[in-house]
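Me: I should like to learn how to read a strand arrangement from a model. May we work through one example together?

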Amino acid sequence: MLQTSEAFANFAFGASVVLLPSMICPKLDEFLNPPTNYGFTVVFGNCTTSGACLQSPNFPDAEYPDNTACLLTVNLDSYLNVTSFCTEGEFDYFVINGSNDYFDGYEGEAEGALFYSGEDGPQGVFVTAGTIVTFNSDSSVTEPGFEICALKSPT
């Protein structure tokens, strides 16, 4: 990738230089061309996506691992449809509207956040584009995990 300093290295008086947005700031292209599909974008962690759906690690083949930490954003305003949800109750959390540095896993740590654990998933919850969602597991019991899909209208 051409660096900005390289672009100006051979600059001569009167010459023009064209810098593409992706040359200046790689994330700028994502900002200028936001996602047009329903679903989620994985920011970090080992959660996966398939079409408009988000899955916990290893879903549906095996349980998610200990100490899982995933952070995702919602692509478009959506209603969540839970096709499967089973986490370790009161210890492993799926969180909507948590802060991007929230990984304690204790309810009440992030004001305004919605916490889901056990077999209580976020069925029918409306989320806006850019909403942060996280999944965090502790270091002991694991469960089958979840699949949650983002839909244009409620089911």
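Me: Which residue in E9 is the bridge partner of Val-95?

Reply: Please bear in mind that this is a predicted model. In strand E9, Thr-134 is the bridge partner of Val-95. This pair belongs to the contact between E6 and E9 (residues 132-136), two strands that run antiparallel and are joined by four bridges.

Me: Which strand pairs with E6 over three bridges?

Reply: That strand is E7, and the pairing is again described as antiparallel. Within it, Leu-114 of E7 stands opposite Ile-96.

Me: Are the faces of strand E6 covered or not?

Reply: Here a cut-off is needed: a residue is called buried if its relative accessible area is under 20%. In E6 (residues 93-96), Tyr-93 and Val-95 lie on one side, Phe-94 and Ile-96 lie on the other, and all are buried, which leaves both faces covered.

Me: In what order do the strands of the sheet stand?

Reply: The sheet is open and has five strands, in the order E1-E4-E9-E6-E7, with antiparallel pairing. E1 (40-44) and E7 (114-116) are the edge strands; each has a single partner strand, so one side of each lacks a neighbour in the sheet. On average, neighbouring strands of this sheet are turned by 25° against each other, with direction ignored.

Me: How many bridges join E1 and E4?

Reply: Four bridges join E1 to E4 (residues 69-74), in the antiparallel sense. As an example of facing residues, Phe-40 has Val-74 of E4 opposite.

Me: Does a loop residue call for another reading? Where is Thr-131 found?

Reply: Thr-131 is found in the loop between strand E8 (126-127) and E9. Thr-131 counts as buried because its relative accessibility is 7%. Leaving aside neighbours within four places in sequence, Thr-131 is in contact with Leu-72, Thr-73, Val-74, Ile-96 and Asn-97.

Me: What pattern does the chain follow along the sequence?

Reply: The chain has three helices and 10 strands, and the pattern reads α-α-α-β-β-β-β-β-β-β-β-β-β. Among contacts between residues at least 6 apart in sequence, 74% join residues at least 24 apart.

Me: How many residues does the chain have, and what percentage of them count as buried?

Reply: The chain has 155 residues, and 37% of them count as buried. The chain exposes about 8800 Å², of which carbon and sulfur atoms supply 53%.

Methods
Residues are numbered from 1 along each chain as its sequence is written. This is a predicted model: local features need pLDDT of at least 70, side-chain atom pairs count only at pLDDT 80 or more; totals for chains, interfaces and linings use all residues. Side-chain values use heavy atoms; hydrogens and water are left out. Two strands pair if DSSP finds at least two bridges between them. Axes are lines fitted to C-alpha atoms, for helices over the stretch in contact, and angles run from 0 to 180 degrees between N-to-C directions. Buried means under 20% relative accessible area, exposed over 50%, partly exposed in between (1.4 Å probe, protein chains only). Contact means heavy atoms within 4.5 Å. Accessible areas come from the Shrake-Rupley method with a 1.4 Å probe; for residues, only the protein chains shown count as cover.
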